[in-house]
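The following exercises are meant to be worked through with the sequence and the coordinates open side by side. Try each task before reading its solution.

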Amino acid sequence: MSIVNSLMVEPIRGVLQDLHSEARSDRLRFITLAPRILGGLARGRKLFDVMTPESMKECFIPVSPEQGEFLYLTARALGARTIVHERAVVHLERAGVADVVDVRLGDALETLREVSAPVDLVLLDGWKDLYLPVLDLLVPRLRAGSVVLADNIFTFRKSLRPYVDYVQSGEHGFASTTLQISDGFEYSVYLELEPATAFQPVGDHIV
């Protein structure tokens with residue numbers, strides 16, 4: 001029996017092509033932000049203090065078609081049935097998938113508190129200092145075999161080193177490796193922790 005890749009079927013294919021095109025054209029918006037970003041960095045500010053959600057809210061973040069397909073196929077292989085998404089509902093309705101998407105706009109540390117278990121797939125691709133707090137929030141809802149993907153591992157090596165060390169340590173219930181895809185994907189499979197070792201608080205994070 002042949003397996004159909006839904007990303008290649010209309011209307012989904014057409015919507016994705018439009019979004020990729022808009023994302024590529026939005027690179028010009030990043031150019032207009034360059035003076036602010038460079039000025040902030042020169043004054044010693046961190047990148048994500050300069051690139052605030054307010055300044056970036058109208059920009060599409062470019063994701064390659066190959067990267068998007070990888071995410072989709074991973075979710076499908078895990079049997080995920082519901083997707084938590086941040087993008088405008090209009091695109092989801094155009095693609096005909098709005099009925100399986102739960103859009104939650106706002107602070108992820110608040111909007112994801114009520115997500116039902118089990119969570120099959122997590123994609124971390126937002127503010128880098130939130131990767132660990134969001135993971136801590138969602139770990140109790142993961143099942144054995146759940147996958148956590150974290151983007152931009154190569155782009156933000158220093159900022160994301162604590163995250164990579166955490167999931168690769170073997171001490172927190174994950175088997176993890178960095179994939180040589182685009183800007184670097186950390187691919188982590190949750191294996192579950194023994195009850196005696198689960199979630200002892202250290203500093204600001206649960207480890």
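Helices and strands here are DSSP runs, helices of H or I with at least four residues and strands of E with at least two, numbered from the N terminus. The model is predicted.

**Exercise 1. State how many helices and strands the protein has, and describe its burial, contacts and exposed area.**

Solution. Begin with the elements: the protein has 9 helices and 8 strands. Turning next to burial, 35% of its 207 residues count as buried, the cut-off being under 20% relative accessible area. For the contacts, take those with a separation of 6 or more, of which 63% join residues 24 or more positions apart. Finally, the exposed area is about 12,600 Å², and 56% of it comes from carbon and sulfur atoms.

**Exercise 2. Decide where the confidence of the prediction is lowest and highest among the elements, and which stretches fall below 50.**

Solution. The overall figures come first: the mean pLDDT of the protein is 77, with 64% of the residues scoring at least 70. Among the elements, strand β5 (residues 174–179) has the highest mean, 97, while strand β8 (residues 205–206) has the lowest, 42. A residue-by-residue reading then shows pLDDT below 50 over residues 83–87, a stretch with 14 contacts in the model beyond near neighbours in sequence. The value also stays under 50 over residues 196–207, where the model has 17 contacts beyond four places in sequence.

**Exercise 3. Locate the largest nonpolar core and identify the element that gives the most to it.**

Solution. In soluble globular proteins, nonpolar side chains tend to be buried together. In this model the largest nonpolar core has 25 residues, and those with the most contacts inside it are Leu124, Leu135, Leu142, Val148, Tyr163 and Phe174. Sorting the core by element, two or more residues come from each of β3 (119–124), α8 (131–138), β4 (142–150) and α9 (157–168). The most come from α8, which gives 6.

The next step is to look at α8 itself, where 7 of the 8 residues are buried, so the helix is largely enclosed by the rest of the structure. These buried residues are Tyr131, Leu132, Val134, Leu135, Asp136, Leu137 and Leu138. Taking leucine 135 as an example and leaving aside neighbours within four places in sequence, its contacts are Val148, Tyr163, Tyr166, Val167 and Phe174. Another core, of 5 residues, lies apart from the largest one and includes Leu7, Val15, Leu19 and Ala95.

**Exercise 4. Work out the strand order of the open sheet of 4 strands, and which strands are at its edges.**

Solution. The strands of a sheet pair through backbone hydrogen bonds, either parallel or antiparallel. The open sheet runs in the order β3-β4-β6-β5, with mixed pairing. Its edge strands are β3 and β5, each of which pairs on one side only, and the twist averages 15 degrees from one strand to the next.

Individual pairings can then be followed. Strands β5 and β6 (residues 185–190) are antiparallel over 6 bridges; within this pair, leucine 179 faces phenylalanine 185 and phenylalanine 174 faces tyrosine 190. Strands β4 and β6 are likewise antiparallel, over 4 bridges, and valine 148 stands opposite serine 188 of β6.

**Exercise 5. Compare the settings of asparagine 152 and serine 182: is each one buried or partly exposed?**

Solution. Consider the backbone first: phi is positive at asparagine 152, near 70 degrees, and positive at serine 182, near 50 degrees. Asparagine 152 sits in the loop between β4 and α9, whereas serine 182 lies in the turn of the hairpin that β5 and β6 form with 5 residues between them. With a relative accessibility of 11%, asparagine 152 counts as buried; with 47%, serine 182 counts as partly exposed. Not counting residues up to four places away in sequence, asparagine 152 touches Asp125, Lys128, Tyr131, Leu160, Asp183 and Gly184.

**Exercise 6. Place proline 11 and proline 118 relative to the elements, and describe the peptide bond that leads into each.**

Solution. Proline 11 belongs to the segment before α1 (12–25), and the bond from glutamate 10 to this proline is cis, with omega near 5 degrees. Proline 118 lies in the loop between α7 (108–111) and β3, and a cis bond with omega of about 0 degrees joins alanine 117 to proline 118.

How values were computed:
Residues are numbered from 1 along each chain as its sequence is written. This is a predicted model: local features need pLDDT of at least 70, side-chain atom pairs count only at pLDDT 80 or more; totals for chains, interfaces and linings use all residues. Side-chain values use heavy atoms; hydrogens and water are left out. Buried means under 20% relative accessible area, exposed over 50%, partly exposed in between (1.4 Å probe, protein chains only). Contact means heavy atoms within 4.5 Å. Accessible areas come from the Shrake-Rupley method with a 1.4 Å probe; for residues, only the protein chains shown count as cover. A nonpolar core is a set of buried Ala, Val, Leu, Ile, Met, Phe, Trp, Tyr and Cys residues joined through side-chain atoms within 4.5 Å. pLDDT is the predictor's confidence in each residue, from 0 to 100. Two strands pair if DSSP finds at least two bridges between them. Axes are lines fitted to C-alpha atoms, for helices over the stretch in contact, and angles run from 0 to 180 degrees between N-to-C directions.
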